[in-house]
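Student: Got a minute to go through this one with me? I'd like to start from a single residue and work outwards.

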Amino acid sequence: MKFFILAGKSFTLLTWLVMFYNLFMPFEGNVSVVLNILLLITAFMHFFQLLIFHTMFSTLLKLKFVDFIKVYFTGVFGLLEYRQKVIDLPKPEDGKA
């Protein structure tokens, strides 16, 4: 699972890099327009994922600004990483026997 998350995060960051590169050094033809549209869609989708992240994990983990940046730029793979952190947390004892 860790390899899957790392590979997904790497691919997502590479995709962001290509879309940002296109803003400053546009590719020729329709590719530039498509990448700009994809950048806009990706930015909105990752914003909504950030809201999901805050809603789900803010009560379970102490989150810093860096955590939000990581999730914004890695998307669902960042969510999976924090999900794994929550699963790995020690379980509180209920006192039931």
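Student: Okay, Lys 9: buried or exposed?

Tutor: Lys 9 counts as buried, because its relative accessibility is 18% and the cut-off for buried is under 20%. Keep in mind that this is a predicted model.

Student: A lysine, though. What does Lys 9 form a salt bridge with?

Tutor: Its partner is Glu 81, and the closest N and O atoms of the two are 2.7 Å apart. Side chains of opposite charge can pair when their charged atoms come close.

Student: And where do the two partners sit along the chain?

Tutor: Lys 9 is in helix 1 and Glu 81 is in helix 4, 72 residues apart, so the pair links distant parts of the chain.

Student: Is Glu 81 buried or exposed?

Tutor: In between. Glu 81 comes out at 24% relative accessibility, so it counts as partly exposed.

Student: How many salt bridges does the structure hold?

Tutor: Just 1, the Lys 9 and Glu 81 pair.

Student: Switching to pockets. What volume does the largest pocket have?

Tutor: About 150 Å³.

Student: Which residues line the largest pocket?

Tutor: Met 1, Lys 2, Ile 5, Lys 9, Glu 81, Gln 84, Lys 85 and Asp 88. You'll spot both salt bridge partners, Lys 9 and Glu 81, in that lining.

Student: How does that lining split into nonpolar, polar and charged?

Tutor: It has 5 charged residues, 2 nonpolar and 1 polar.

Student: Which helix gives the most to the lining?

Tutor: Helix 4, with 4 residues. Helix 1 (2–24) and helix 4 (76–88) each supply at least two.

Student: Let's pick one of the lining residues, Lys 85. Where is Lys 85 placed, and what does its accessibility look like?

Tutor: Lys 85 belongs to helix 4. With a relative accessibility of 38%, it counts as partly exposed. Its C-alpha is 8.7 Å from that of Leu 61, and the two are 24 residues apart along the chain.

Student: Now the surface. Which residues form the nonpolar patch?

Tutor: Among them are Phe 11, Leu 14, Leu 17, Val 18, Phe 20 and Tyr 21, plus others such as Met 25, Phe 27 and Val 31. Together the patch residues have about 1100 Å² of accessible area.

Student: Which helix gives the most to the patch?

Tutor: Helix 1 does, with 8 residues. Tyr 21 is a handy example, since it lies in helix 1 and belongs to the patch. Tyr 21 has 44% relative accessibility, so it counts as partly exposed.

Student: What about another tyrosine, Tyr 72: buried or exposed?

Tutor: Tyr 72 is buried, because its relative accessible area is 19%. Tyr 72 sits in helix 3. C-alpha to C-alpha, Tyr 72 and Phe 44 are 9.9 Å apart, with their positions 28 residues apart in sequence.

Student: Last one, Ile 69. Where is Ile 69 found?

Tutor: Also in helix 3, which covers residues 65–74. Ile 69 counts as partly exposed because its relative accessibility is 36%.

Student: How far is the C-alpha of Ile 69 from that of Leu 50?

Tutor: They are separated by 8.8 Å, and along the chain the two residues are 19 apart.

Terms used:
Residues are numbered from 1 along each chain as its sequence is written. This is a predicted model: local features need pLDDT of at least 70, side-chain atom pairs count only at pLDDT 80 or more; totals for chains, interfaces and linings use all residues. Side-chain values use heavy atoms; hydrogens and water are left out. On a 1 Å grid over the protein atoms alone, a cavity is a set of points where a 1.4 Å probe fits but cannot get out, and a pocket is an open set with protein on both sides within 12 Å along at least five of seven lines; lining residues have an atom within 4 Å of a point. Grid points are joined across faces, edges and corners, and a volume is the space filled by probe spheres set on the points. Ala, Val, Leu, Ile, Met, Phe, Trp, Tyr, Cys and Pro count as nonpolar, Asp, Glu, Lys and Arg as charged, and the others, Gly among them, as polar. Patches are made of residues with over 30% relative accessible area and no salt bridge: like charges are joined within 9 Å, nonpolar side chains (Val, Leu, Ile, Met, Phe, Trp, Tyr) within 5 Å. Accessible areas come from the Shrake-Rupley method with a 1.4 Å probe; for residues, only the protein chains shown count as cover. A salt bridge is a side-chain nitrogen of Lys or Arg within 4 Å of a carboxyl oxygen of Asp or Glu. Buried means under 20% relative accessible area, exposed over 50%, partly exposed in between (1.4 Å probe, protein chains only).
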